[in-house]
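Grab a viewer and work through these short exercises. Try each task before you read its solution.

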Amino acid sequence: MSETVLVALIGLCGSGLGSLFGVLVSSKLTQYRLEQLEKRVQAHNSLIERTYRLEERTEIQEERIKAANHRIAGLERRVEA
């Protein structure tokens, strides 16, 4: 085998291994970033759910306040009469 062919084969192996290593590192980095993004999305969704529950509670409390104000107004009318 000639020296030129041997150098070409070594270069081919080096290029192939370098490319493979680069793809693996890039894949790991992409996987890590996806995991971090999933954590952020999960935290965001949790916040949205908690906000929705707080809005429901606020609506219920507002209805209770309206009902209490209505009862107080009725009692005040009875006392005035």
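**Exercise 1: a charged patch**

Find which residues gather in a patch of negative charge on the surface.

Solution. In this predicted model, the surface patch of negative charge brings together Glu-55, Glu-56, Glu-59, Glu-62 and Glu-63. Next, place one of them: Glu-55 sits in helix H1, which covers residues 3–80. Then check its cover: the relative accessible area of Glu-55 is 45%, so Glu-55 is partly exposed, since that class lies between the 20% and 50% cut-offs.

**Exercise 2: overall shape**

Work out why the chain is more spread out than a compact globule.

Solution. Start with the secondary structure: one helix and zero strands. Now take the radius of gyration, 35 Å; the globule rule gives 12 Å for 81 residues, and the chain is well over that, so it is more spread out than a compact globule. Along the principal axes, the C-alpha atoms fill a box of roughly 120 × 10 × 10 Å. Finish with burial: 0% of the 81 residues count as buried. The chain exposes about 7800 Å², with 61% of it supplied by carbon and sulfur atoms.

**Exercise 3: one valine**

Decide whether Val-41 counts as buried, partly exposed or exposed, and say how far it is from Thr-51 in space.

Solution. First, locate Val-41: it lies in helix H1. Its relative accessibility is 41%, so Val-41 counts as partly exposed. Lastly, go C-alpha to C-alpha: Val-41 and Thr-51 are 15 Å apart in space and 10 residues apart in sequence.

**Exercise 4: charge balance**

Count the charged side chains of each sign.

Solution. The tally is 12 positive and 11 negative side chains, and the centres of the two sets are 5 Å apart.

Note on methods. Residues are numbered from 1 along each chain as its sequence is written. This is a predicted model: local features need pLDDT of at least 70, side-chain atom pairs count only at pLDDT 80 or more; totals for chains, interfaces and linings use all residues. Side-chain values use heavy atoms; hydrogens and water are left out. Patches are made of residues with over 30% relative accessible area and no salt bridge: like charges are joined within 9 Å, nonpolar side chains (Val, Leu, Ile, Met, Phe, Trp, Tyr) within 5 Å. Accessible areas come from the Shrake-Rupley method with a 1.4 Å probe; for residues, only the protein chains shown count as cover. A salt bridge is a side-chain nitrogen of Lys or Arg within 4 Å of a carboxyl oxygen of Asp or Glu. Lys and Arg count as positive and Asp and Glu as negative; His and the chain ends are not counted. The place of a charge is taken as NZ of Lys, CZ of Arg, CG of Asp or CD of Glu. Helices (H or I, at least four residues) and strands (E, at least two) are DSSP runs, numbered from the N terminus. Buried means under 20% relative accessible area, exposed over 50%, partly exposed in between (1.4 Å probe, protein chains only). The radius of gyration is taken over C-alpha atoms; the globule rule is 2.2 Å times the number of residues to the power 0.38.
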